[in-house]
Amino acid sequence: MKLYLNATSPYARFVRVVALEKGLQPELVWVDPWANDPALLAANPALRVPALETEQGTCLSESMLIALHLDQAATIPSLLPTGEQEQVLQLMGWGQGLTDAAFNTVIARKHQGAEADRSILGQRRLAAIQHTLEQLEQQARQLEKLHLGSLLVAVALDYLSFRLPEIQWQQRCPQLAASLQSLMQRPSMKTTAFV
Ligand SMILES: N[C@@H](CCC(=O)N[C@@H](CS)C(=O)NCC(=O)O)C(=O)O
C-alpha cells in the first residue's frame, strides 16, 4: 500500500492519522502536488494529495473516501461505529468543510494577496470558518470520543493553528479546545504534526 502525500496538506494528514489509528503502515511517497509529478498523476488524475495505491493496485483519491477504505481495511474496531454513524458523518462533513474553507483561504491569499479575502468568495470562506467553529463549539462533547469525525475536525483545527493562527480558534471555542485536548496528544496526531 502506497500513500502519496505532502507534509502541509491537511487532507493527507487526516488520511495518515487514520492509517496510524488503524495500525496500518502504508509506504509514504512524499510528493509536491503542484509540480506535475508523473507518479502522482498516475495515481490521481486530479494531481492532488492524498492518493492511495491499495494492495490490489487500485488508486484511490479524495481523503474521506481513502479514510473510509482504511477504516474497513483493518480489523481494529471501526472509527465509524454503527450506532453513531449519522453523528460521525455530520462531524466529518463539518471537518471537511472547515478544511476546504481554510485551505482555499490560504491558497487564494498565496495567489491573489490580501485582495482574496475581500472578494465575495473570500468573504464566504471566512464566514464558513466562523459558522463551522460556532457549530463545533455547540457540539464539543461529541468530539471527546475517538472516531473519524473527531480526527478530521482535530486535523482541520490544527491546520487553522498552523496557517491561520489569527483566527484564534482556541480562544473563540474553549469547550472545543477542552474536548479535543487529549486527542491532540495522541501519537497519530503528534507523529504527523504540520511542519
Ligand atoms: N477534496 C480533496 C482535496 C485535496 C487537495 O486539495 N489537496 C491539495 C493539497 S492540501 C492539493 O493536492 N492541491 C494541488 C492542486 O490542487 O493542484 C481531498 O479531500 O482529498
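Visitor: How many residues in the lining of the largest pocket are nonpolar, polar and charged?

Guide: That lining has 11 nonpolar, eight polar and five charged residues. Here Ala, Val, Leu, Ile, Met, Phe, Trp, Tyr, Cys and Pro count as nonpolar, Asp, Glu, Lys and Arg as charged, and the others, Gly among them, as polar. This is a predicted model, where local features need pLDDT of at least 70 and side-chain atom pairs 80 or more, while totals for chains, interfaces and linings use all residues. Residues are numbered from 1 along each chain as its sequence is written, and side-chain values use heavy atoms, without hydrogens and water.

Visitor: What is the volume of the largest pocket?

Guide: Rolling a probe the size of a water molecule over the atoms shows where empty space is left. The largest pocket (an open set of points on a 1 Å grid over the protein atoms alone, where a 1.4 Å probe fits, with protein on both sides within 12 Å along at least five of seven lines; lining residues have an atom within 4 Å of a point) has a volume of about 540 Å³ (the space filled by probe spheres set on the points). Of its 24 lining residues, Ser9, Tyr11, Trp34, Val49 and Phe103 are the closest to the centre.

Visitor: Where does the largest pocket lie?

Guide: Domain 1 (2-73) and domain 2 (82-190), with bounds from an automatic or database assignment, both contribute to the lining, so the pocket lies between them.

Visitor: Which helix gives the largest share of the lining?

Guide: Helices are DSSP runs (H or I, at least four residues), numbered from the N terminus. The largest share, seven residues, belongs to α4. Each of α1 (10-21), α4 (85-112) and α7 (148-163) supplies at least two.
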